[in-house]
Amino acid sequence: MSDFDLETSLGELRQREPIFHRRAFGTSRDDLEAMTAEDFFEIGASGRIYRRDFAISNLPERYKQPERHDWPCRDFSVRRLAETSIC
C-alpha cells in the first residue's frame, strides 16, 4: 500500500468518526453490521467496553433524537500493519 493509499484510507475513515454518529452511512441494523467487524467493540468515555451487539442494539433509541454535532475527533492517523494484504 502506498502512502497515497494510506492517506486516502485515512480520509475515508475520518469521515466516519465517530462511527455511530454519522447517519449518512446508514442507521439500520444491516447498515451498522456492515460497517463493523464481528469482533468490533468501542470504549466509552467512562472506560466501559461496549461489544458490537450491545452498541448496535441500543442505537435505534439514540437515532430518535437529533444528533449532536460537536463530538471532538482529532489527531487521526493510520499505519500499515503488514507489508502485504490477503485480499
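The paragraphs below walk through the fold, the core, the surface and the side-chain pairs of this chain.

The model described here is predicted. Its secondary structure comes to 3 helices and 2 strands. Read from the N terminus, these elements follow the order α-α-β-β-α. The chain has 87 residues, and 20% of them count as buried. Its accessible surface is about 7,200 Å², with 51% of that area belonging to carbon and sulfur atoms. Contacts along the chain can also be sorted by how far apart the partners lie in sequence. Among contacts with a separation of 6 or more, 51% join residues that are 24 or more positions apart.

A good place to start is the inside of the fold. The largest nonpolar core has 9 residues: Ile 19, Phe 20, Leu 32, Met 35, Phe 40, Ala 55, Ile 56, Leu 59 and Tyr 63. At least two residues of this core come from each of the helices α2 (29–35) and α3 (52–62). Helix α3 gives the most, with 3 residues. Leu 59 offers a closer look at how such a core is joined. With neighbours within four places in sequence left aside, Leu 59 is in contact with Phe 20 and Leu 32.

Strand β1 comes next. This strand covers residues 41–43, and Phe 41 belongs to it. Phe 41 has a relative accessible area of 42%, so this residue is partly exposed. Together with Ile 43 and Ile 49, Phe 41 forms a nonpolar patch on the surface, and the three residues share about 290 Å² of accessible area. Glu 42 also has its place in strand β1. Glu 42 counts as partly exposed because its relative accessibility is 27%, which lies between the limits of 20% for buried and 50% for exposed. Setting aside residues up to four places away in sequence, Glu 42 touches Phe 20, Arg 48, Ile 49, Tyr 50 and Ala 55. One of these partners, Ala 55, is 13 residues from Glu 42 along the chain, and the C-alpha atoms of the two are separated by 8.2 Å. Two of the residues touched by Glu 42, Phe 20 and Ala 55, are also members of the largest nonpolar core.

Aromatic rings can be followed in a similar way. A pair of such rings is described by the distance of the centres and the angle of the planes. The structure holds 1 aromatic pair. It is formed by Tyr 50 and Phe 54, whose ring centres are 5.6 Å apart and whose planes meet at 20°, so the pair is stacked. Tyr 50 counts as partly exposed, at 22% relative accessibility. Phe 54 is partly exposed as well, with a relative accessible area of 39%.

Charged side chains complete the picture of pairs. Side chains of opposite charge can pair when their charged atoms come close. The structure holds 3 salt bridges. In one of them, Glu 33 is joined to Arg 29, with the closest N and O atoms 3.0 Å apart. Glu 33 and Arg 29 are 4 residues apart in helix α2, so about one helical turn separates them. Glu 33 is partly exposed at a relative accessible area of 28%, and Arg 29 is partly exposed at 36%. Asp 53 forms another salt bridge with Arg 29, and here the closest N and O atoms are 2.4 Å apart. This pair links distant parts of the chain, since Asp 53 lies in helix α3 and Arg 29 lies in helix α2, 24 residues apart. Asp 53 counts as partly exposed, at 49% relative accessibility. Arg 29, Glu 33 and Asp 53 are thus linked in a network of salt bridges. Elsewhere, Glu 61 forms a salt bridge with Lys 64, and their closest N and O atoms are 3.2 Å apart. Both Glu 61 and Lys 64 are exposed.

One backbone detail remains, in the segment after α3, where Asp 75 is found. The phi angle of Asp 75 is near 60°, a positive value in a residue other than glycine. Asp 75 has a relative accessible area of 69%, so this residue is exposed.

Terms used: Residues are numbered from 1 along each chain as its sequence is written. This is a predicted model: local features need pLDDT of at least 70, side-chain atom pairs count only at pLDDT 80 or more; totals for chains, interfaces and linings use all residues. Side-chain values use heavy atoms; hydrogens and water are left out. Patches are made of residues with over 30% relative accessible area and no salt bridge: like charges are joined within 9 Å, nonpolar side chains (Val, Leu, Ile, Met, Phe, Trp, Tyr) within 5 Å. Accessible areas come from the Shrake-Rupley method with a 1.4 Å probe; for residues, only the protein chains shown count as cover. A salt bridge is a side-chain nitrogen of Lys or Arg within 4 Å of a carboxyl oxygen of Asp or Glu. Buried means under 20% relative accessible area, exposed over 50%, partly exposed in between (1.4 Å probe, protein chains only). A nonpolar core is a set of buried Ala, Val, Leu, Ile, Met, Phe, Trp, Tyr and Cys residues joined through side-chain atoms within 4.5 Å. Contact means heavy atoms within 4.5 Å. Rings of Phe, Tyr and Trp (its six-membered ring) pair if their centres lie within 6.5 Å; planes under 30 degrees apart count as stacked, over 60 as edge-to-face and the rest as tilted.
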